[in-house]
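Trainee: I would like to take a close look at one part of this chain rather than at everything together. Could you walk me slowly through the part you would choose, and show me how its neighbours fit around it?

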Amino acid sequence: MRLKSGYTLLEFRGNNLLVRSDGKTGRVSLERGLQVNGSFAFLWKTFTGREFTPEDVTAALLSEYEITGEEASSAAKDIISLWREYNMIGE
């Protein structure tokens with residue numbers, strides 16, 4: 001699977017915002033931004049522009065955070081479900 005293009009991750013006043021461009025000019029609107037936490041931002045940066053599997057997401061979480069394999073696997077499933085819910089993944 002792959003994250004869809006057309007999104008930009010911004011750091012704004014200590015917050016991470018994921019915004020979608022209008023597709024024509026590349027301009028983004030902060031009004032349409034989704035505030036995300038640090039884990040989401042880390043994973044978005046890690047997997048933007050490349051193919052990945054749920055196991056890749058689990059491995060990335062294990063390498064970045066001091067968590068168990070079970071916690072990483074559960075978190076990977078949750079984030080992938082969220083990306084699917086918001087139509088951010090292309091298969």
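Mentor: What follows is a close look at helix α1 and at the parts that meet it.

Please keep in mind from the start that this is a predicted model. To place the helix, begin with the whole chain, which has three helices and five strands, and whose elements run β-β-β-β-α-α-α-β from the N terminus on. Of its 91 residues, 30% count as buried. Among contacts in the chain with a separation of 6 or more, 42% are between residues 24 or more positions apart.

Let us take the sheet beside the helix. It is an open sheet of three strands in the order β2-β3-β4, with antiparallel pairing, and its edge strands are β2, residues 7-12, and β4, residues 34-36, each of which pairs on one side only. On average, and with direction ignored, neighbouring strands of this sheet are turned by 30 degrees against each other. In general, strands of a sheet pair through backbone hydrogen bonds, either parallel or antiparallel. Here β2 and β3 run antiparallel and are joined by six bridges, and within that pairing Glu11 stands opposite Asn16 in β3. Helix α1 packs on this sheet, touching β2, β3 and β4, and its direction makes about 135 degrees with that of β2.

Asn16 is a useful residue at which to pause, since its place is in strand β3, which covers residues 15-20. Its relative accessible area is 15%, and because the cut-off for buried is under 20%, Asn16 counts as buried. Leaving out residues up to four places away in sequence, Asn16 touches Leu9, Leu10, Glu11, Leu34, Gln35, Val36, Asn37, Gly38 and Ala41.

Now turn to the contact between α1 and α3. Two packed helices are described by the angle between their axes and the distance between the axes. The axes of α1 and α3 come within 12 Å and cross at roughly 75 degrees, which means that α1 is roughly perpendicular to α3. In this contact, Phe40, Leu43 and Trp44 in α1 meet Ile79, Leu82 and Trp83 in α3, and by class the contact has six nonpolar, no polar and no charged residues.

Several of these names return in the largest nonpolar core, which has 21 residues, and of these Phe40, Leu43, Trp44, Val57 and Trp83 touch the most other members. The elements that give two or more residues to this core are α1 (38-47), α2 (54-64) and α3 (69-85). Trp44, for its part, touches Leu3, Lys4, Tyr7, Leu9, Leu18, Trp83 and Met88, not counting residues up to four places away in sequence.

Finally, look at how α2 and α3 touch each other, beginning with Ala76, whose place is in helix α3. With a relative accessible area of 1%, Ala76 is buried, and apart from residues up to four places away in sequence it touches Pro54, Val57, Thr58 and Leu61. The C-alpha atoms of Ala76 and Asp56 are separated by 8.8 Å, although the two residues are 20 residues apart along the chain. Thr58 lies in helix α2 and, at 16% relative accessibility, also counts as buried. Beyond its neighbours within four places in sequence, Thr58 is in contact with Gly69, Ala72, Ser73 and Ala76.

How values were computed:
Residues are numbered from 1 along each chain as its sequence is written. This is a predicted model: local features need pLDDT of at least 70, side-chain atom pairs count only at pLDDT 80 or more; totals for chains, interfaces and linings use all residues. Side-chain values use heavy atoms; hydrogens and water are left out. Helices (H or I, at least four residues) and strands (E, at least two) are DSSP runs, numbered from the N terminus. Buried means under 20% relative accessible area, exposed over 50%, partly exposed in between (1.4 Å probe, protein chains only). Contact means heavy atoms within 4.5 Å. A nonpolar core is a set of buried Ala, Val, Leu, Ile, Met, Phe, Trp, Tyr and Cys residues joined through side-chain atoms within 4.5 Å. Axes are lines fitted to C-alpha atoms, for helices over the stretch in contact, and angles run from 0 to 180 degrees between N-to-C directions. Angles under 35 degrees count as roughly parallel, over 145 as roughly antiparallel, 65 to 115 as roughly perpendicular and the rest as oblique. Ala, Val, Leu, Ile, Met, Phe, Trp, Tyr, Cys and Pro count as nonpolar, Asp, Glu, Lys and Arg as charged, and the others, Gly among them, as polar. Two strands pair if DSSP finds at least two bridges between them.
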